[in-house]
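Please open the model in your viewer and keep the sequence panel beside it, since each stop on this tour begins with a selection to make.

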Amino acid sequence: MDWGTELWDQYDVIDKHTQSGLDLVEKYVKFVKERTEIEQTYAKLLRNLVKKYTPKRGSKEEQECRFTNHQSFLDILNEMNDYTGQREVIAENMMLTICLELTKYLQELKQERKTYLSEAKKAQQNLESSYKQLDSSKKRFEKEWREADKANLNAERADQDINATKADVEKAKMLAHMRTHTAEECKNDYASQLQKYNKEQNQFYFSDIPQIFNKLQDMDERRIRKLAEGYVSFADTEKRVMPIIGKCLEGIIKAGTNASAEKDSVALIEQHKSGFERPGDVEFEDYSQGINRASSESSLGTPKGPMELLGKNKTKLWPFSKKSKTSAPEKSMPPATEDFAHLPPEQRRKKLQQKMDDISKELQREVDQSEALEKMKDVYEKNPQMGDPSSLEPQISQTAHNMERLRGELQKYESWLMEAGGRGDTMRSSVNNNSHERFSDDEFDEEEPFAQCTALYNFEGSSEGTIPMHEGEVFAVVEDDKGDGWTRVQRANGDEGYVPTSYIKISPPV
């Protein structure tokens with residue numbers, strides 16, 4: 001069914017219906033715009049909320065993140081920040097895929113509808129103009145026929161009148177003949193105009209208007225389909241980000257489950273355990289034996305145990321006291337020293353051990369760098385075309401100086417740790433050894449299996465210290481590349497040597 005056939009006489013209805021459809025598109029665009037504004041406002045408020053509760057860098061709150069419940073809250077804030085980003089994505093996509101597209105499409109539909117209605121009005125005006133011509137020719141024909149009848153009647157009367165002269169009779173007949181001839185011409189013109197009008201009317205009602213109405217129908221159906229896509233896109237836009245939003249919510253749930261009361265209790269103990277012994281009993285002072293009261297009061301005022309060791313106010317007997325409103329906590333703390341002697345024993349040992357670990361790692365890096373430089377120097381001496389060995393001397397000298405400095409610092413901190421009642425890290429002994437003194441191959445095999453490598457290309461191995469290999473041959477990796485591009489490998493028969501790292505493919509140990 002089409003409008004041109006079924007609604008051929010409902011121009012006003014079609015006009016109002018198509019206008020109503022365009023109004024609906026415009027209304028929906030406004031609705032989506034307001035929805036995006038709500039999303040943007042919501043996202044902005046969420047982002048400000050996250051920013052408000054996110055601890056600043058270096059603040060006390062950030063330091064508290066070593067506890068799982070504090071870290072979980074920080075994780076929740078991060079997830080909410082990602083969630084906020086998805087709300088912004090929803091608003092942006094709705095604006096692009098719905099508002100902008102439908103607004104552009106609406107302008108095209110308005111222009112198209114205006115064109116079709118203009119064509120309909122033009123066709124109607126042409127038909128009305130044709131009808132006016134028909135009506136004018138009809139009225140002229142009617143008028144001329146009446147005049148012709150009147151002239152013929154007068155001619156008959158003149159012919160029957162005995163008093164009329166022959167000239168009067170001839171004149172009356174001549175006039176009647178002229179009137180009749182004019183009336184015939186008007187009749188033919190009226191018939192021609194009628195035929196023309198009927199043809200144009202038939203063209204108007206059976207061709208022009210149905211075609212225009214069908215175009216309007218096609219336009220309206222396309223509008224409905226486009227609007228329906230906008231309806232679906234309204235949900236799809238949010239549906240597409242649901243998996244990411246789901247992951248954000250899962251992250252929040254995970255953050256909640258990661259909060260561990262037991263771990264936080266242990267962390268608090270590890271962070272603040274002083275290592276002091278509890279104070280002993282206060283001795284009875286017998287005044288009846290003549291003890292000096294001044295010295296007695298002095299002894300009572302002298303705290304025992306942790307208060308004395310921590311250097312607190314010596315007039316206090318208890319470790320629990322209210323904070324002074326006039327003095328900041330920092331002012332009551334003793335100044336920090338390099339050996340961490342200002343800290344309680346347990347915390348001091350931890351700080352010293354941590355410092356030793358850091359120095360040991362830095363020393364290990366310098367040792368590796370030194371070995372790599374010595375190896376590179378050896379390669380340059382055997383193959384001068386690859387580089388000048390003397391160019392490495394400044395780096396080798398600086399690395400040796402750094403190693404000596406770090407070993408001195410390590411020894412210093414180890415002595416402090418022994419003084420604090422701890423023991424040195426076993427890592428130090430292995431760091432101080434050269435690479436050739438670390439472990440024998442047999443010991444290495446017992447503790448950790450070798451990684452394997454496969455030769456990708458043939459290598460002649462003509463230089464001293466290198467080993468030849470053939471494509472596809474399998475070796476054990478004895479020593480990894482230290483940054484000089486060479487890897488030390490071993491055959492199954494025990495032969496060892498260096499090969500270019502780029503010539504092999506290393507596989508993890510089985």
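A salt bridge, as the term is used on this tour, is a side-chain nitrogen of Lys or Arg within 4 Å of a carboxyl oxygen of Asp or Glu. The model on screen is a predicted one, and a search of the whole structure finds 23 salt bridges in it.

**First stop: Asp-218 and Arg-222**

Select Asp-218 together with Arg-222 and show their side chains, which meet in a salt bridge with an N to O distance of 3.0 Å. Both residues belong to helix 5, and because they are four residues apart there, about one helical turn separates them. Asp-218 is partly exposed, its relative accessible area being 36%, and Arg-222 is likewise partly exposed, with a value of 24%.

**Second stop: from Arg-222 to Glu-112**

Keep Arg-222 selected and add Glu-112, which forms a salt bridge with Arg-222 in which the closest N and O atoms are 2.5 Å apart. This pair links distant parts of the chain, given that Glu-112 is in helix 4 and Arg-222 in helix 5, with their positions 110 residues apart in sequence. Is Glu-112 buried or exposed? Its relative accessibility is 18%, so Glu-112 counts as buried, the cut-off for that class being under 20%.

**Third stop: the two helices**

Now select residues 68-160, which make up helix 4, and then residues 166-258, which make up helix 5. Two packed helices are described by the angle between their axes and the distance between the axes. Here helix 4 and helix 5 pack at an angle of about 175°, and their axes lie 7 Å apart. Helix 4 is therefore roughly antiparallel to helix 5, as angles over 145 degrees are classed that way. If you colour the residues of this contact by type, they divide into 46 nonpolar, 21 polar and 27 charged.

Within helix 4, pick out Gln-86, which is buried, with a relative accessible area of 13%. Adding Ala-43 to the selection gives a pair that is 43 residues apart in sequence, while the distance in space is 8.7 Å from C-alpha to C-alpha.

**Fourth stop: a surface patch**

Switch to a surface view and select Trp-8, Tyr-205 and Phe-206, which make a nonpolar surface patch of about 360 Å². One of these residues, Tyr-205, lies in helix 5 and is partly exposed, with a relative accessible area of 31%.

**Fifth stop: the loops between strands**

Move on to Glu-473 and Arg-491, which form a salt bridge whose closest N and O atoms are 2.6 Å apart. Glu-473 is in the loop between strand 1 (451-455) and strand 2 (474-479), whereas Arg-491 is in the loop between strand 3 (486-490) and strand 4 (496-500), so the pair ties together parts that are 18 residues apart in sequence. Both Glu-473 and Arg-491 are buried. For a comparison with salt bridges that share partners, select Arg-35, Glu-39, Arg-87 and Glu-238, which such bridges join into one network.

Return to the loop between strand 1 and strand 2 and select Glu-471, which has its place there. Glu-471 is exposed, with a relative accessible area of 58%. As a last selection, add Tyr-503, which is 32 residues from Glu-471 in sequence and 9.0 Å from Glu-471 in space, C-alpha to C-alpha.

Terms used. Residues numbered from 1 in each chain as written. Predicted model: local features only at pLDDT ≥ 70, side-chain atom pairs only at ≥ 80, totals over all residues. Heavy atoms only, no water. Patch = residues over 30% accessible without salt bridge, like charges linked within 9 Å, V, L, I, M, F, W, Y side chains within 5 Å. Areas by Shrake-Rupley, 256 points an atom, 1.4 Å probe, with all protein chains shown as cover. Helix = DSSP H or I, 4+ residues; strand = E, 2+ residues; numbered from the N terminus. Buried < 20%, exposed > 50% of the residue type's maximum accessible area, 1.4 Å probe, protein only. Axes fitted to C-alpha atoms, helices over the stretch in contact; angles between N-to-C directions. Parallel < 35°, antiparallel > 145°, perpendicular 65-115°, else oblique. Nonpolar A, V, L, I, M, F, W, Y, C, P; charged D, E, K, R; others polar.
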